[in-house]
Amino acid sequence: MKFFVDTADTKEIADLAATGLLDGVTTNPSLIHKSGREFLDVVKEICGIVAGPVSAEVVALDHDGMMREAEILRKIADNVAVKVPLTIDGLKTCKKLTSDGTMVNVTLCFSANQALLAGKAGATFISPFVGRHDDVGFDGMELIADIRQIYDNYDFPTEILVASVRHPIHVLQSAKIGADVMTAPPAVIKALFNHPLTDKGIQGFLADWEKTGQKIG
Ligand code: E4P
């Protein structure tokens, strides 16, 4: 499963990229607002840090407006994935952009039927929002399992990008279901490395090593 980080904070992105485990980045207008930076500048900087797909979202709601914004976004770098909302105009834009070879991430997916439409529109990525789904009393992971089944039934190449990931259990469940990608905030990705028994084990080994009086090298 690929790991994308869901942030516009370039320092956090650079830190995670240095682990060699980061496959891409997702941003959205709220994350750009949080960064306090110019949208196009921050996307350009992120594309220079990470070689994988960097999602940058259009804000127009009509097809022509989305196409105009997409033209600007896709010129930033080859690894930009234009993010469009799951609406009729968004999927029309998706179809057009992917037939021209541009990566498209269809966002704000909350049903398996919406994901089916995105697959038919040739989306590169579909982003079902599991956390927001859980928030309103539905099981976000059930949605991921349904989309996996549908895409496998029809051999859709669209990658399932689990979004709105809130905690490590979402990551584990995504991997068990066979999602292609998950995108999570930096804190959730960092939490995956941690286990109290790992820390305890390191302390025990170091204490015993100290007693040997030896040095490596
Ligand atoms: C994904 O591309 C979105 O940016 C993101 O995962 C939304 O997550 P949120 O529900 O925590 O805002």
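**Exercise 1. Work out what share of the protein chain counts as buried, and how the chain is built overall.**

Solution. Start with burial: in this predicted model, 36% of the 217 residues of the protein chain count as buried. Next, take the secondary structure, which comes to 11 helices and 8 strands. Then look at the extent of the C-alpha trace: along its principal axes it spans about 70 × 35 × 30 Å. Last, check how the contacts are spread along the sequence. Take the contacts between residues at least 6 apart in sequence; 54% of them join residues at least 24 apart.

**Exercise 2. Find K83 and decide: is K83 buried or exposed?**

Solution. First place the residue: K83 sits in strand β4, residues 80-85. Now count neighbours. There are 26 C-beta neighbours inside 10 Å of K83, and the cut-off for buried is 20 or more, so K83 counts as buried. Then list its partners, skipping neighbours within four places in sequence: K83 touches S55, A56, E57 and V58, plus N105 and T107. Finally, bring in the record: an unreviewed UniProt entry puts the feature "active site" at K83.

**Exercise 3. Describe the surroundings of the ligand by residue and by class.**

Solution. Walk along the chain and pick up the residues around the ligand: D6, T26, N28, T107, S127, F129, G131, R132, A163, S164 and T183. Sort them next. The shell has 7 polar, 2 nonpolar and 2 charged residues. One name should ring a bell here: T107 belongs to the ligand's surroundings and is also in contact with K83.

**Exercise 4. Characterise the packing of helix α6 against helix α8.**

Solution. Two numbers come first, since a packed pair of helices is described by the angle between the axes and the distance between them. For α6 (residues 112-120) and α8 (residues 140-153), the angle is about 35 degrees and the axes are 9 Å apart. Then the hand: this crossing is right-handed. Now see who meets whom. From α6 come A112, A115, L116 and G119, and from α8 come L143, D146, I147, I150 and Y151. Sorted by class, the contact of α6 with α8 has 7 nonpolar residues, 1 polar and 1 charged.

**Exercise 5. Look at the backbone of L108 and D155: what is the phi of each?**

Solution. Keep the background in mind: most residues other than glycine have a negative phi. L108 has a phi near 60 degrees, a positive value, and D155 has a positive phi too, near 55 degrees. Now compare the settings. L108 lies in strand β5, residues 103-109, while D155 lies in the loop between α8 and β7. For burial, L108 has 19 C-beta neighbours inside 10 Å and therefore counts as partly exposed. D155 has 7 such neighbours, so D155 counts as exposed.

**Exercise 6. Take two pairs, I88 with D62 and I216 with L172, and set separation in sequence beside separation in space.**

Solution. Begin with I88 and D62. They are 26 residues apart along the chain, and their C-alpha atoms are separated by 9.0 Å. I88 belongs to helix α5, residues 88-99, and is exposed because 9 other C-beta atoms lie within 10 Å. Move on to I216 and L172. These are 44 residues apart in sequence and 37 Å apart in space, C-alpha to C-alpha. I216 is in the segment after α11, and with 4 other C-beta atoms within 10 Å it is exposed.

Methods: Residues are numbered from 1 along each chain as its sequence is written. This is a predicted model: local features need pLDDT of at least 70, side-chain atom pairs count only at pLDDT 80 or more; totals for chains, interfaces and linings use all residues. A residue is near a molecule or strand if its C-beta atom, placed from the backbone, lies within 6 Å of it. Ala, Val, Leu, Ile, Met, Phe, Trp, Tyr, Cys and Pro count as nonpolar, Asp, Glu, Lys and Arg as charged, and the others, Gly among them, as polar. UniProt positions are given in the numbering used here, feature names are shortened, and annotations may be inferred rather than shown by experiment. Helices (H or I, at least four residues) and strands (E, at least two) are DSSP runs, numbered from the N terminus. A residue is buried if 20 or more other C-beta atoms lie within 10 Å of its own, exposed if 12 or fewer, and partly exposed in between; C-beta atoms are placed from the backbone. Two residues are in contact if their C-beta atoms, placed from the backbone, lie within 7 Å. Axes are lines fitted to C-alpha atoms, for helices over the stretch in contact, and angles run from 0 to 180 degrees between N-to-C directions. A crossing is left-handed if the near helix is turned anticlockwise from the far one by less than a right angle, and right-handed if clockwise.
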